[in-house]
Amino acid sequence: MRLALFGHGGMGSLVEARAKDAGHHIAVVFTDRDAARPPEEIARALEGADVAVDFSVGAAVADHVTACVKAGVPLVEGTTGWQAQFAELRGVVERGKGAVVYGANFSIGVNLFYRVVAVAAAQYAHDSSYAPFVEEAHHARKKDAPSGTALKLRDIVSGANAGRAVPVASTRAGHIPGTHRVGFDGPADQIMLTHTARSREGFAAGALLAAQWIAGGRRSGVFEFAEVLDDILASAGGAAR
Ligand SMILES: NC(=O)c1ccc[n+]([C@@H]2O[C@H](COP(=O)([O-])OP(=O)(O)OC[C@H]3O[C@@H](n4cnc5c(N)ncnc54)[C@H](OP(=O)(O)O)[C@@H]3O)[C@@H](O)[C@H]2O)c1
């Protein structure tokens, strides 16, 4: 694949390295120095790319989505902190017949954790004395809080509890690797489910998997990585079932 990258920080650099290891070619890299360029100009620079991968900043996502739709280049959107614009950007993609895979967390382990949490939340919803809650902790450099993953976990737990409000607590300090906990606190005991990322490798691997899934122009629309993973695992022999 010929990849375009938006963002060249921790994640963008790792995606570049793993893409090259896998024999892919990096066609173009956009950084904050390109932030002032209009989407039309970015779209021209995207020509020839099979797919774009974005790990930049939430404020730049709207321009990146617009440019990819204009260029007809499918986009893997890994950046977090743009949920407020989700409906608007879905409209941009659908009207322009673009293709986007988005996910607050491209780790396969986290996406399987979502399923574990959904099952647990459905079980504890049978007893309303268990109060569900979400906690997340990340390194001090992470800009958005709560994390997109924590918001997704909150929605999963709330959905299993007829929309019950689920508190989310965030910590930003030092070098903490991304950590997410879902708890169910009852009068006599507490259940805690934890996912801890050991490195960023899992995010890069998942983003490249998504890039391969969406590259090539066969698909259009807006897809969440969790559903893409369902499709990939199902075609790999039903491991998802
Ligand atoms: N979905 C997932 O699985 C996942 C996993 C990890 C991280 N993330 C998210 O991915 C994003 C990036 O994370 P990171 O750890 O790589 O952050 P980072 O190290 O701070 O890198 C962000 C990069 O984006 C660049 N940038 C800023 N404005 C830009 C623009 N307009 N166009 C292009 N690039 C621009 C920054 O440049 P400067 O440094 O020069 O400003 C920086 O190189 C965050 O939103 C984070 O929450 C998602």
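Here is a walk through this structure, from the overall fold to the way its helices pack. Keep in mind that the model is predicted.

Let's start with the whole chain. Eight helices and ten strands make it up. With 241 residues, the globule rule gives a radius of gyration of 18 Å, and the chain's own value of 18 Å is close to that, so the chain is as compact as a globular protein of that length. If you drew a box around the C-alpha atoms along the principal axes, it would be roughly 60 × 40 × 35 Å. As for the inside, 38% of the residues count as buried. Looking at contacts with a separation of 6 or more, you'll find that 70% of them link residues 24 or more positions apart.

Now look for the sheet. It is an open one with six strands, and reading across it gives the order β2-β1-β3-β4-β5-β10, with parallel pairing. Which strands stand at the edges? They are β2 (25-30) and β10 (221-224), and each has a single partner strand, so one side of each is left without a neighbour in the sheet. Going from one strand to the next, the twist averages 20°.

To see one pairing up close, zoom in on β3 (residues 51-54) and β4 (residues 75-77). These two strands run parallel and are joined by three bridges. Ala 52, for instance, has Leu 75 in β4 as its bridge partner.

Next come helices that pack on this sheet. Helix α1 (residues 10-21) touches β1 (2-6), β2 and β3, and its direction makes about 170° with that of β1. Helix α8 also packs on the sheet, where it touches β5 (99-102) and β10. The direction of α8 makes about 80° with that of β10.

Helix α8 has a helix partner to look at, too. Two packed helices are described by the angle between their axes and the distance between the axes. For α7 (residues 201-214) and α8 (residues 225-235), the axes come within 11 Å and cross at roughly 70°. An angle from 65 to 115 degrees counts as roughly perpendicular, which means that α7 is roughly perpendicular to α8. So which residues make the contact? On the α7 side they are Gly 206, Leu 209, Ala 210 and Trp 213, while α8 brings Phe 225, Val 228 and Ile 232. Sorted by class, six residues in this contact are nonpolar, one is polar and none is charged.

Terms used:
Residues numbered from 1 in each chain as written. Predicted model: local features only at pLDDT ≥ 70, side-chain atom pairs only at ≥ 80, totals over all residues. Axes fitted to C-alpha atoms, helices over the stretch in contact; angles between N-to-C directions. Helix = DSSP H or I, 4+ residues; strand = E, 2+ residues; numbered from the N terminus. Parallel < 35°, antiparallel > 145°, perpendicular 65-115°, else oblique. Contact = placed C-beta atoms within 7 Å. Nonpolar A, V, L, I, M, F, W, Y, C, P; charged D, E, K, R; others polar. Rg over C-alpha atoms; globule rule 2.2 N^0.38 Å. Buried ≥ 20, exposed ≤ 12 C-beta atoms within 10 Å, placed from the backbone. Pairing = 2+ DSSP bridges.
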